[in-house]
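Please read the following explanation with the sequence and the 3D view side by side, taking each residue in turn as it is named.

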Amino acid sequence: MKKFRFTLRSVQTVRHIRELRAREQFGEALRAEATAQAALTGARDDQTELERLVAEKRAGCFLPAEQVAYIFEIQVQRERVKRAEEDLDRAKKQLEKSRETWIGSRRDVRVIDNLETRARADYRKESDHEEQALLDDRTNATAGRAPLLTP
């Protein structure tokens, strides 16, 4: 019997490569989302610390110039938090997009792998059938000569 050959091997290879790239992009999106989350947490912590500092300063001696500077810095921190939230939202959207792409490419790979599994099973079945036919032929040939061999 001929050696097993899967005719969709090139398609399988291409789909495996696509799935690998999609998985890498998903990993990058996951890292970007974690970085954006850390940046947001840092910005919120800085904002909280600044607000605490301003509250302490207001409890003591009130210097108008310092208060104007603090108000300006609070506005800068709020803008920083807002940008960090927007970056996190973009990172989450990119994460979802890359996850869907990866799932789709993984599904395509599984389809081809299932086709290969079926083709291998059919090949084994056909091989077993041919082997059984050869054994049956040998048995029938031996059975046909058996009366001649017995006295």
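Phe-26 is a suitable place to begin in this predicted model, and it counts as buried because its relative accessible area is 12%, where the cut-off for a buried residue is under 20%. Phe-26 has an aromatic partner, and the structure holds 1 aromatic pair. In that pair Phe-26 and Trp-102 are stacked, with 5.2 Å from centre to centre and 25° between the planes. The pair links distant parts of the chain, since Phe-26 belongs to helix 1 and Trp-102 to helix 2, with their positions 76 residues apart in sequence. The burial of the two partners can be set side by side: Phe-26 is buried at 12%, whereas Trp-102, with a relative accessible area of 24%, is partly exposed.

From this pair one can step back to the chain as a whole. The protein chain contains 2 helices and 0 strands. Its radius of gyration is 36 Å, well over the 15 Å that the globule rule gives for 151 residues, and so the chain is more spread out than a compact globule. The box that the C-alpha atoms fill, taken along the principal axes, is roughly 130 × 30 × 15 Å. Of the 151 residues in the protein chain, 20% are buried, and the chain exposes about 11700 Å², of which carbon and sulfur atoms supply 55%. Among the contacts in the protein chain with a separation of 6 or more, 86% are accounted for by residues 24 or more positions apart.

Which residues make up the largest nonpolar core? There are 7 residues in all, namely Ala-36, Leu-40, Ala-43, Val-81, Ala-84, Leu-88 and Ala-91. Two elements, helix 1 (9-59) and helix 2 (64-149), each give two or more residues to this core, and helix 2 gives the most, with 4 residues. Val-81, one of the core residues, touches Leu-40, Ala-43, Arg-44 and Gln-47 when residues up to four places away in sequence are not counted. Among the residues that Val-81 touches, Leu-40 and Ala-43 are themselves members of the core.

Some of these residues come up again in the surroundings of Gln-77, which lies in helix 2. Is Gln-77 buried or exposed? Its relative accessibility is 8%, and it therefore counts as buried. Leaving aside its neighbours within four places in sequence, Gln-77 is in contact with Ala-43, Asp-46, Gln-47 and Leu-50, so that Ala-43 and Gln-47 are contacts of both Gln-77 and Val-81. A further glutamine of helix 2, Gln-67, is also buried, with a relative accessible area of 4%. The contacts of Gln-67, again without its neighbours within four places in sequence, are Val-54, Lys-57, Arg-58 and Phe-62.

Not every residue in the helices is covered in this way. Val-76 lies in helix 2 and is partly exposed, because its relative accessible area is 33%. In helix 1, Gln-37 has a relative accessible area of 32%, and it is therefore partly exposed. Both residues also give a sense of distance along the model: from C-alpha to C-alpha, Gln-37 and Glu-56 are 29 Å apart in space and 19 residues apart in sequence, while Val-76 and Leu-8 are 58 Å apart in space and 68 residues apart in sequence.

The last stop is His-16, which is found in helix 1. With a relative accessibility of 34%, His-16 counts as partly exposed. Which residues does His-16 touch, not counting residues up to four places away in sequence? They are Val-109 and Asp-113, and with Asp-113 there is also a polar contact, made from side chain to side chain at 3.5 Å. His-16 and Lys-125, by comparison, are 109 residues apart in sequence, and their C-alpha atoms are 27 Å apart in space.

Taken together, these stops lead back to the two helices. Helix 1 and helix 2 each give residues to the largest nonpolar core, and the stacked pair of Phe-26 and Trp-102 links the helices at another place in the chain.

Methods. Residues are numbered from 1 along each chain as its sequence is written. This is a predicted model: local features need pLDDT of at least 70, side-chain atom pairs count only at pLDDT 80 or more; totals for chains, interfaces and linings use all residues. Side-chain values use heavy atoms; hydrogens and water are left out. A nonpolar core is a set of buried Ala, Val, Leu, Ile, Met, Phe, Trp, Tyr and Cys residues joined through side-chain atoms within 4.5 Å. Buried means under 20% relative accessible area, exposed over 50%, partly exposed in between (1.4 Å probe, protein chains only). Contact means heavy atoms within 4.5 Å. A polar contact is a pair of N or O atoms within 3.5 Å; within protein, one must be able to donate a hydrogen and the other to accept it, and residues adjacent in sequence count only if both atoms are side-chain atoms. Rings of Phe, Tyr and Trp (its six-membered ring) pair if their centres lie within 6.5 Å; planes under 30 degrees apart count as stacked, over 60 as edge-to-face and the rest as tilted. The radius of gyration is taken over C-alpha atoms; the globule rule is 2.2 Å times the number of residues to the power 0.38. Accessible areas come from the Shrake-Rupley method with a 1.4 Å probe; for residues, only the protein chains shown count as cover.
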